[in-house]
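Subject: Structure handover

Hello,

Here is the structure we talked about. Please open it first, then read my notes below.

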Amino acid sequence: MKTISTIVPVYNEEKNVPLMLKALQDVAARLPAYNFEFLFVNDGSRDGSWEELEKAHKSDNRVVSIDLTRNFGKELALTAGVQNCRGDAAIFLDADLQHPPELIPQFVEKWENGAEVVASVRKSTKKKSIIKNIGSKLFYRIMHYCGTGITPNTTDFKLIDRKVINELVKFTEHKRMFRGLIEWLGFRTEYIEFVAPERINGVASYSVSKLVRLAVYSMVSYSLLPLKLTSYLGFLIAAVSFCLMCVMCVVRFVYRSPFFSPISFVIVSNTLVLGIILTAFGFLALYISQIQTETMNRPLYVIREKLEK
């Protein structure tokens with residue numbers, strides 16, 4: 001009998017943990033032909049989430065609860081889940097129930113029909129803020145231009161086969177985005193569209209600043225476009241400055257006009273050169289910070305406690 005692991009990162013989801021477990025138990029009852037492993041990763045929650053996970057483990061021996069020592073972020077919490085799951089397939093879900101567990105049978109059906117990855121495409125989200133909606137569209141547009149190949153509006157709600165899991169555990173980078181890594185691997189993928197319901201309890205742990213940070217690191221991790229843009233920007237500024245300097249020289253020395261003073265030449269030249277340098281340094285700093293993080297080779301996460309049968 002095949003085993004399916006559900007991996008749920010948890011951060012301050014005290015009220016949602018029992019609801020998520022009940023929803024997963026209902027799905028498992030609808031799929032009696034499979035064994036289930038309900039794996040929860042407590043990502044440094046500051047509320048009573050871990051206590052709820054301890055209760056869940058005691059009430060259902062299919063529950064595996066992992067407690068990280070601090071908040072490492074959702075991507076590394078998912079990594080902990082992938083590296084500790086035992087299923088023939090794994091399904092990622094958010095603890096806030098905005099990834100509907102009732103769709104799991106559809107994921108499993110496509111998997112049994114040969115799909116190695118079954119990804120979800122979010123058509124819309126009920127009561128999603130305008131800022132996040134615009135930010136999401138902008139993010140996918142930028143990632144498209146970066147040539148990452150990430151499918152627009154896909155989410156972390158997906159099923160991956162054991163062969164995909166075995167490849168994912170080989171990745172060592174600290175700044176990661178699971179959607180990008182899985183698409184980069186290139187396994188056969190099927191898609192399921194869904195409408196995300198509104199959050200039942202609590203507030204979203206992914207703030208706008210965290211989403212922006214994820215977008216920046218994703219762009220730097222999966223593309224050299226920022227560095228290329230620096231080159232293009234430098235060339236453009238150099239071309240504009242050269243043309244402007246030519247105009248200024250003609251006006252100043254051919255027509256003898258005092259319109260451009262000598263100091264204006266210096267200001268224009270310095271401003272344009274500084275613009276090129278600062279832009280280049282900004283992008284180089286991002287890439288250098290990535291290199292520093294990876295070369296330190298620290299553990300991706302630290303487990304305080306693991307509860308399993």
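Leaving aside its neighbours within four places in sequence, which residues is histidine 99 in contact with? They are Phe92, Leu93, Asp94, Thr155, Asp156, Phe157 and Phe194. Bear in mind that this is a predicted model.

**Histidine 99**

Histidine 99 sits in the loop that runs between β4 (89-92) and α4 (104-112). Its relative accessible area is 4%. Buried means under 20%, so histidine 99 is buried. A polar atom of its side chain lies 3.1 Å from the backbone nitrogen of aspartate 94. Aspartate 94 is also among the contacts named above.

The loop between β4 and α4 also holds leucine 97. Leucine 97 is not a glycine, yet its phi is positive, at about 70 degrees. Its relative accessibility is 12%, so leucine 97 counts as buried.

**The ring cluster**

Two of the contacts of histidine 99 are Phe157 and Phe194. Ring pairs link Phe107, Phe157 and Phe194 into a cluster. The count of aromatic pairs in the model comes to five. Phenylalanine 107 and phenylalanine 157 make a tilted pair. The ring centres are 4.7 Å apart, with 35 degrees between the planes. Phenylalanine 107 belongs to helix α4 and phenylalanine 157 to strand β6 (residues 154-161), so this pair ties together parts that are 50 residues apart in sequence. Both phenylalanine 107 and phenylalanine 157 are buried.

What kind of pair do phenylalanine 157 and phenylalanine 194 form? Their planes stand at 85 degrees, so the pair is edge-to-face. The centres of these rings are 5.8 Å apart. Phenylalanine 157 is in strand β6 and phenylalanine 194 in strand β7 (residues 189-196), so here the parts tied together are 37 residues apart in sequence. Phenylalanine 194 is buried, as is phenylalanine 157.

**The loop between β1 and α1**

Two residues to look at here. Asparagine 12 lies in the loop between β1 (3-10) and α1 (16-30). Its phi is near 55 degrees, a positive value in a residue other than glycine. Asparagine 12 is partly exposed, with a relative accessible area of 29%.

Glutamate 13 is placed in the loop between β1 and α1 too. Is glutamate 13 buried or exposed? It counts as buried, because its relative accessibility is 5% and the cut-off for buried is under 20%. Leaving aside neighbours within four places in sequence, glutamate 13 is in contact with Asp47, Ser49, Ala95, Asp96 and Arg199.

**Helix α7 and the loop before it**

Threonine 172 lies in the loop between α6 (162-168) and α7. Its relative accessible area is 53%, and exposed means over 50%, so threonine 172 is exposed. Outside its neighbours within four places in sequence, threonine 172 is in contact with Glu294 and Leu300. Its C-alpha atom is separated by 9.9 Å from that of arginine 298, and these two residues are 126 residues apart along the chain.

Helix α7 covers residues 178-185. Its buried residues are Phe178, Arg179, Gly180, Leu181 and Ile182. Glycine 186 follows α7 and has a positive phi, near 85 degrees.

**The surface patch**

Which residues form a nonpolar patch on the surface? They are Val273, Ile277, Phe281, Leu284 and Ile288. Together they have about 460 Å² of accessible area. Phenylalanine 281 is located in helix α10 (residues 262-296). Its relative accessible area is 55%, so phenylalanine 281 is exposed.

**Overall numbers**

The protein has ten helices and eight strands. Of its 309 residues, 45% count as buried. About 16,300 Å² is exposed, and carbon and sulfur atoms supply 60% of that area. Take the contacts with a separation of 6 or more: residues 24 or more positions apart account for 83% of them.

Best wishes

Methods
Residues are numbered from 1 along each chain as its sequence is written. This is a predicted model: local features need pLDDT of at least 70, side-chain atom pairs count only at pLDDT 80 or more; totals for chains, interfaces and linings use all residues. Side-chain values use heavy atoms; hydrogens and water are left out. Buried means under 20% relative accessible area, exposed over 50%, partly exposed in between (1.4 Å probe, protein chains only). Helices (H or I, at least four residues) and strands (E, at least two) are DSSP runs, numbered from the N terminus. Contact means heavy atoms within 4.5 Å. Accessible areas come from the Shrake-Rupley method with a 1.4 Å probe; for residues, only the protein chains shown count as cover. Patches are made of residues with over 30% relative accessible area and no salt bridge: like charges are joined within 9 Å, nonpolar side chains (Val, Leu, Ile, Met, Phe, Trp, Tyr) within 5 Å. A salt bridge is a side-chain nitrogen of Lys or Arg within 4 Å of a carboxyl oxygen of Asp or Glu. A polar contact is a pair of N or O atoms within 3.5 Å; within protein, one must be able to donate a hydrogen and the other to accept it, and residues adjacent in sequence count only if both atoms are side-chain atoms. Rings of Phe, Tyr and Trp (its six-membered ring) pair if their centres lie within 6.5 Å; planes under 30 degrees apart count as stacked, over 60 as edge-to-face and the rest as tilted.
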